[in-house]
Amino acid sequence: AVCSMGNSTSRLYSVLAKTLSSGAVSQHQDCLEQLDSAQLDPIDPKDLLEECQIVLQKRPPRFQRSFVNLKKNAASSHRPIRVMQWNILAQALGEGKDNFVQCPMEALKWEERKCLILEEILAYKPDILCLQEVDHYFDTFEPLLSRLGYQCTFFPKPWSPCLDVEHNNGPDGCALFFLKERFQLVSSTNIRLTAMKLKTNQVAIAQTLKCHETGRLFCIAVTHLKARTGWERFRSAQGCDLLQNLKNITQGAKIPLIVCGDFNAEPTEEVYREFSNSSLNLNSAYKLLSPDGQTEPPYTTWKIRPSGECRHTLDYIWYSQHALNVNSALGLLTEEQIGPNRLPSFNYPSDHLSLVCDFSFNQDPDRLL
């Protein structure tokens, strides 16, 4: 019954409301095999959104955020490419390790929290979705998003901290999703990041895509760098390794690049400067929301732990500024919206805010290289 995924909304509810039990690994494998062989029918996003809203009817309504128009020049004749970046908070870490002292455990229940995550994704309809801390890939995100038309890729951390938590759902990692109707996959690389020539526990996915509408190639990458203070040099080394990999993949910036990630680094850190000053000519999209276009947002994560309140800017969408324009960016939640107990909460499923940008290709990319 767990694997029953038919066309109708009532059958759809069974996949949404009854995620595979975390302990049933063999059952999980059986179900995955059935999913592969069944060639599952597409889902109407409206049906899935409706099901999410039924599950969430006792929770407060979703925060309303507005897009800020950033495009100064004439409108492009092509549809923009919408990219969403989000550390969704691994379920095992949220419940078992992260100690959000002001967040009731009830707010972290997976049955409802996954619907808040899906509702956010469905609301913004990204063409490309970059996620970190995904520990429910095989039983939730891959089966649902593939039926919404996304091609899905997952790369787990080699030693995920989720595995230390009792009743975990497997390792967390980075996941990348793109709409097959808009893009064709040209190449895909899973990168295990190194630091000081040593392999680390952090990973990245880089994919070169061809845009069906424009025929243009571009590379999209997702990563999640090492957390915590005291690891600044380590993050810097990981960033250098990632940049070197991306230089090779993009043939030294000939192919436009978008890099999404939770860098676990404030803009004052060395790894931020490395990305800003790279020969790949990258800019951080969310700086464009500031009055001078040079300042990052005041926060992308805001939580309360036993050690106190943590408000930091750690999440970024980097892009090739010679080849791509940022048409618009999704405004962040205000302090008032977030509320005194901060994140996560009954309103919002993660301790990190989602970032969403609309990109268009520059008509003359070589001119600004």
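**Exercise 1.** By class, how many nonpolar, polar and charged residues does the lining of the largest pocket have?

*Solution.* Note that this model is predicted.
- Step 1. Take the volume of the largest pocket: about 920 Å³.
- Step 2. Find the lining. It holds 37 residues, and the closest to the pocket centre are Lys226, Ala227, Arg228, Asn264 and Arg305.
- Step 3. Sort the lining by class. There are 11 nonpolar, 11 polar and 15 charged residues.

**Exercise 2.** Find which element gives the most to the lining of the largest pocket.

*Solution.*
- Step 1. List the elements that give two or more residues: strand 7, helix 7, strand 11 (301–305) and strand 12 (308–312).
- Step 2. Pick the top contributor. Strand 7 gives 4 residues, the most.

**Exercise 3.** Explain why strand 6 and strand 10 each have one side without a neighbour in the sheet.

*Solution.*
- Step 1. Write the strand order of the open sheet: 6-7-8-9-13-10, six strands with mixed pairing.
- Step 2. Look at the ends. Strand 6 (183–195) and strand 10 (282–284) stand at the edges, and each has a single partner strand, so one side of each is left free of a neighbour in the sheet.
- Step 3. Add the twist. Neighbouring strands are turned by 20° against each other on average, direction ignored.

**Exercise 4.** Describe how strand 7 and strand 8 pair, and what packs on their sheet.

*Solution.*
- Step 1. Strand 7 (residues 198–211) and strand 8 (residues 217–224) run antiparallel over 7 bridges.
- Step 2. Take one bridge: Ile205 has Val222 in strand 8 as its partner.
- Step 3. Helix 7 (residues 232–249) packs on the sheet and touches strands 6, 7, 8, 9 (257–262) and 10. The direction of helix 7 makes about 150° with that of strand 6.

Key. Residues numbered from 1 in each chain as written. Predicted model: local features only at pLDDT ≥ 70, side-chain atom pairs only at ≥ 80, totals over all residues. Heavy atoms only, no water. Pairing = 2+ DSSP bridges. Axes fitted to C-alpha atoms, helices over the stretch in contact; angles between N-to-C directions. Contact = heavy atoms within 4.5 Å. 1 Å grid on protein atoms, 1.4 Å probe; cavity = no way out; pocket = protein on both sides within 12 Å on 5 of 7 lines; lining within 4 Å. Points joined across faces, edges and corners; volume = space filled by probe spheres on them. Nonpolar A, V, L, I, M, F, W, Y, C, P; charged D, E, K, R; others polar.
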